[in-house]
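User: Got a minute to go through this one with me? I'd like the contacts before anything else.

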Amino acid sequence: MVFGTLFTFPGDHPRSIGILAVAKANNLDLRVVDEPRIPEHLEVSRLGKVPAFHGEDGLKLFECIAIAIHVTLQNDKTTLLGQTKQDYVHILKWMSFFNTEIITPMVEQYLPLTGIRPYNKDTVTTYAKMTQAAVDVVEEHLTKQTFLVGEDLTLADIFCAGIIAFGFQFFYGRSWREANPNVSRWYQDIVNQPMYSAVTRKVELLEEPKLINVAPSEKAETLEMCTDAAPPGEGVSAVE
């Protein structure tokens, strides 16, 4: 029986990966619609937010963290929400942190480098520094932690790895990984978890960044996999 419909973009959308992974692990049949902003989608989210969810029971949700929690809760015996109430709030903390402090400036760094927005070297540098400052928080936290919360895999790991995968796809070459060994180790551990790898394409680690801070020679094709609410007719948005 179909559990519900997930509206997303084609490919591995950073904010949808964790939702799809947990749904797979919970044996939930999600109907995936990768054509956003169609009337059916806009009935759930008037702003065309991606991802959005419409349950067969009538529940309508937008905001990726709310959807991820709802999908996880369908397993009464889940351990992905932690062992204690403190674990649970720390899981929410890290999901929120990655969803705001990491992916938002990272996408703003990406847009000018692909010609989707006007290029300004100083602006790109500013957003790159904002992203790295947030990643530094995670790097320090993982110095003595295998996982983001507690001693076991949680929803925070699955969701947040999906978010930062965008960086490993475009920006994080070998030298970056050597400078950020804890985040790099954690990321590789999580993306090789069966529930994660079952719903994503394998992304090879970069030797050199695909994108560096130089003006694009021509406007790149819009990669909607990194968006979540680009208004009709526009390219990529980091709005959440």
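Analyst: Of the contacts in the chain with a separation of 6 or more, 73% are between residues 24 or more positions apart. Contact here means heavy atoms within 4.5 Å.

User: Before I go on, what am I looking at?

Analyst: This is a predicted model, where local features need pLDDT of at least 70 and side-chain atom pairs count only at pLDDT 80 or more, while totals for chains, interfaces and linings use all residues. Residues are numbered from 1 along each chain as its sequence is written, and side-chain values use heavy atoms, with hydrogens and water left out.

User: Fine. In what order do the elements of the chain run from the N terminus on?

Analyst: β-α-β-α-β-β-α-α-α-α-α-α-α. The chain has nine helices and four strands; these are DSSP runs numbered from the N terminus, with helices being H or I of at least four residues and strands being E of at least two.

User: How does the radius of gyration compare with a compact globule?

Analyst: It agrees: the chain has 17 Å, and a compact globule with 240 residues would be near 18 Å. The radius is taken over C-alpha atoms, and the globule rule is 2.2 Å times the number of residues to the power 0.38. Along the principal axes, the C-alpha atoms fill a box of roughly 50 × 45 × 25 Å.

User: And what share of the 240 residues is buried?

Analyst: 51%. Buried means under 20% relative accessible area, exposed over 50%, and partly exposed in between, using a 1.4 Å probe and protein chains only.

User: Is helix H1 enclosed or open?

Analyst: H1 (residues 14-25) is largely enclosed by the rest of the structure, because nine of its 12 residues are buried. Among them are Pro14, Ile17, Ile19 and Val22. The cover over the buried residues of H1 includes strands E1 (2-7) and E2 (29-33), plus helices H3 (64-72), H4 (85-113), H6 (155-170) and H9 (194-197).

User: What about the backbone just after H1?

Analyst: Asn27 has a phi near 55 degrees, which is positive in a residue other than glycine. Asn27 sits in the loop between H1 and E2 and is exposed, with a relative accessible area of 72%.

User: Which other residue has a positive phi although it is not a glycine?

Analyst: Arg37, at about 65 degrees. Arg37 is in the loop between E2 and H2, but it is buried, with a relative accessible area of 19%.

User: Where's the cis peptide bond?

Analyst: Between Val50 and Pro51, with omega about 0 degrees. Pro51 lies in the loop between helix H2 (39-42) and strand E3 (52-55).

User: Switching to cysteines: how many disulfides does the count come to?

Analyst: Zero, taking a disulfide as a pair of cysteine sulfur atoms within 2.5 Å. For Cys64 the closest cysteine sulfur is in Cys160, 9.9 Å away, so they are too far apart for a bond. Cys64 is buried at 1% relative accessibility, and Cys160 is buried at 0%.

User: One more: what does Asn182 touch, leaving out residues up to four places away in sequence?

Analyst: Glu139, Leu142 and Thr143. Asn182 belongs to helix H8 (residues 181-191) and counts as buried at 19% relative accessibility. From Asn182 to Ala133 is 49 residues in sequence and 15 Å in space, C-alpha to C-alpha.
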